[in-house]
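These are my notebook entries on a single structure, written down in the order in which I looked things up. I begin with the ligand and then turn to a helix, the salt bridges and the cysteines.

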Amino acid sequence: MTIADNKTTICALCTPPGLGSVSIVRISGDNALTISEKIFSKKLKKPRYFYYGQFLNGKTMIDEGLCVFFNKPHSFTGEDVIEYHLHGGKQVSTEILKILENKGAVIASPGEFSYRAYMNGKIDLLKAEAISDIINSDSQASLSNSIMNYSGNFNKKFNNIKDLSIELLAEIESRVDFPEEDIPLIENKKIYNLFDKIELKLKSIIQSYDKGVVLKNGLRVLILGPPNAGKSTMFNSFLENEKAIVSNEPGTTRDTLEYSILYNGLKLIFLDTAGIRSTTNKIEKIGIDKALKEVEFADLVLLINDISIKDNKIIENNIKSILKKLKKVPRGTIILVNNKIDLIDEKNLKEKLDFLKSFASNEKVQSINISALDSNNSNEVMNKIVSGFSNIAESNPESVMTNERQKNLTTNALEALYKAKELYTRKVPLEIVSIDIRSLLNIMSEITGEISNNDIYDVIFAKFCIGK
Ligand code: GDP
């Protein structure tokens with residue numbers, strides 16, 4: 001797909017296809033009005049007014065409904081835009097789009113309306129990406145962050161960094177003709193101060209990305225443990241649904257099951273996995289490999305452990321062999337869930353918990369004692385899961401970065417800054433130092449889209465749905 005051509009008049013269905021009470025078809029481009037006049041029965045005399053009339057194919061009425069005209073540049077795309085508010089369902093909009101095509105409009109590619117809005121200066125790239133995030137939000141926390149980004153939160157941050165970088169560049173370039181040794185100490189201090197300020201701001205944006213990814217994609221909670229520990233029981237209890245087979249026969253779960261729920265505004269994705277043990281069964285082995293592959297992508301691991309097993313040595317081996325495989329949990333968070341406490345008496349329980357303390361003694365491994373059969377316990381575990389991430393679901397005055405393109409460019413900007421600082425400290429000629437500061441400035445402009453990079457547009461806007 002390529003959306004490089006801005007001259008055509010485009011049209012698309014903006015509402016989701018399928019059954020619904022209203023469908024909206026949008027037309028954008030120089031010929032929007034002339035094309036539309038051939039279809040809609042009323043003259044659209046005043047912009048931004050709804051007109052009630054008939055949608056016609058020649059003399060045949062296709063539908064009756066509302067039509068509104070947004071004159072250029074006062075529209076989303078910055079071009080003449082017309083919207084038809086039709087009856088819902090598939091047929092009406094399909095026929096209307098066919099007629100529009102016959103009259104000279106072209107069906108829009110995904111994201112083409114937003115692309116035009118960007119090309120016509122109505123939105124910057126950050127805003128375009130935030131629109132896509134708003135549409136794809138599936139939790140309250142993710143939506144409120146996307147809305148903040150849409151209203152220009154990051155734009156302000158990047159512009160601030162840009163202003164500081166321009167100040168730094170000016171400080172440096174104004175001294176290009178002076179020998180380095182002659183720069184007074186006080187000015188040197190000012191320059192380092194600017195380097196540090198920019199570094200701090202770039203770093204804080206990059207750090208916010210980890211949080212942003214969880215906000216956008218949800219928190220991936222991997223349930224691991226030996227067979228029969230109660231993993232599937234726990235999984236079902238989180239989902240309040242019998243999604244996984246629960247049985248006292250070891251090795252029943254062989255594939256990885258994945259379901260998500262919303263909890264305290266945050267999306268939690270639970271993965272139930274095959275029990276980890278040494279086995280000669282080929283299919284079970286594949287299941288175990290699959291489970292361990294998920295470790296890399298998990299934000300948190302629940303290590304389910306059957307505390308009712310009499311022999312402590314077996315419990316120890318179970319936990320140790322799995323902990324060994326968990327070196328790659330990205331956030332390093334593991335919760336040891338001591339399950340089946342209902343099966344042992346108080347004295348025994350105390351003795352077992354004392355024994356297990358050594359496994360949860362470092363900050364990477366926390367623990368909780370439960371009986372998965374008691375459904376109240378799943379809330380307790382979920383509270384523990386989100387407690388480490390509660391700052392993510394809170395609505396902050398500061399929004400976080402959720403976009404990989406922006407994060408990579410910000411990282412490049414920080415590298416350019418480091419390089420400039422290092423050259424400055426080494427007293428390299430200032431015109432060379434300024435090259436990296438200029439490159440930092442260029443990256444800032446690339447992030448917001450002021451510097452055009454045609455190659456990335458198709459990639460960015462193709463992620464949008466049709467009609468946006
Ligand atoms: P998985 O193999 O780890 O997925 O374990 P399951 O969830 O299939 O459970 C294995 C057996 O342990 C089943 O018979 C469950 O009913 C039982 N079970 C799971 N959790 C508990 C618990 O907390 N207490 C008791 N008494 N039984 C449990």
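**Entry 1: the ligand shell.** How do the residues of the shell around the ligand divide into nonpolar, polar and charged? Before counting, I noted that I am working with a predicted model. I found 7 nonpolar, 8 polar and 3 charged residues in the shell. The ligand is surrounded by 18 residues, and I listed the closest as Asn228, Lys231, Ser232, Thr233 and Asp342. I also looked up which helix gives the most to this shell, and it is helix α8, residues 231-239, with 3 residues.

**Entry 2: polar atoms at the ligand.** Next I looked up distances from oxygen atoms of the ligand to polar atoms of the protein. For Gly230 I noted a polar backbone atom 2.9 Å from an oxygen atom of the ligand, and for Ala372 a backbone N or O atom, also listed at 2.9 Å from a ligand oxygen atom. With Asn339 the contact comes from the side chain, where a polar atom lies 3.0 Å from an oxygen atom of the ligand. I then looked up the cover: on its own the ligand has 580 Å² of accessible area, and the protein covers 87% of that.

**Entry 3: helix α3.** Is helix α3 mostly covered or mostly open? I found that 7 of the 8 residues in α3, which runs over residues 112-119, are buried. I wrote down the buried ones as Glu112, Phe113, Ser114, Tyr115, Arg116, Ala117 and Tyr118. After the helix comes Gly121, and its phi is positive, near 75°.

Within α3 I also found a salt bridge, in which the side chains of Arg116 and Glu112 meet at 3.6 Å, N to O. These two residues are 4 apart in helix α3, so about one helical turn separates them. I reminded myself that an α-helix has 3.6 residues a turn, so residues three or four places apart point the same way. Both partners, Arg116 and Glu112, are buried.

**Entry 4: more salt bridges.** How many salt bridges does the count come to? I noted 21 salt bridges, and I followed two more of them in detail.

In one, the side chains of Glu316 and Lys320 meet at 2.8 Å, N to O. Glu316 and Lys320 sit 4 residues apart in helix α10, residues 312-324, which puts about one helical turn between them. Glu316 counts as buried because its relative accessibility is 17%, under the 20% cut-off, whereas Lys320 counts as partly exposed at 45%.

In the other, the side chains of Glu199 and Lys421 meet at 3.6 Å, N to O. Here Glu199 lies in helix α7, residues 185-217, and Lys421 in helix α14, residues 404-425, so the pair ties together parts that are 222 residues apart in sequence. Glu199 is buried, with a relative accessible area of 13%, and Lys421 is partly exposed at 22%.

**Entry 5: the cysteines.** How many disulfides does the structure hold? I found 0 disulfides. For context I wrote that a disulfide is a covalent bond between the sulfur atoms of two cysteines. I then looked up the cover of two cysteines: Cys67 counts as buried, at 0% relative accessibility, whereas Cys14 is partly exposed, with a relative accessible area of 27%.

Methods: Residues are numbered from 1 along each chain as its sequence is written. This is a predicted model: local features need pLDDT of at least 70, side-chain atom pairs count only at pLDDT 80 or more; totals for chains, interfaces and linings use all residues. Side-chain values use heavy atoms; hydrogens and water are left out. Buried means under 20% relative accessible area, exposed over 50%, partly exposed in between (1.4 Å probe, protein chains only). A disulfide is a pair of cysteine sulfur atoms within 2.5 Å. A salt bridge is a side-chain nitrogen of Lys or Arg within 4 Å of a carboxyl oxygen of Asp or Glu. A residue is near a molecule or strand if one of its heavy atoms lies within 4 Å of it. A polar contact is a pair of N or O atoms within 3.5 Å; within protein, one must be able to donate a hydrogen and the other to accept it, and residues adjacent in sequence count only if both atoms are side-chain atoms. Accessible areas come from the Shrake-Rupley method with a 1.4 Å probe; for residues, only the protein chains shown count as cover. Ala, Val, Leu, Ile, Met, Phe, Trp, Tyr, Cys and Pro count as nonpolar, Asp, Glu, Lys and Arg as charged, and the others, Gly among them, as polar.
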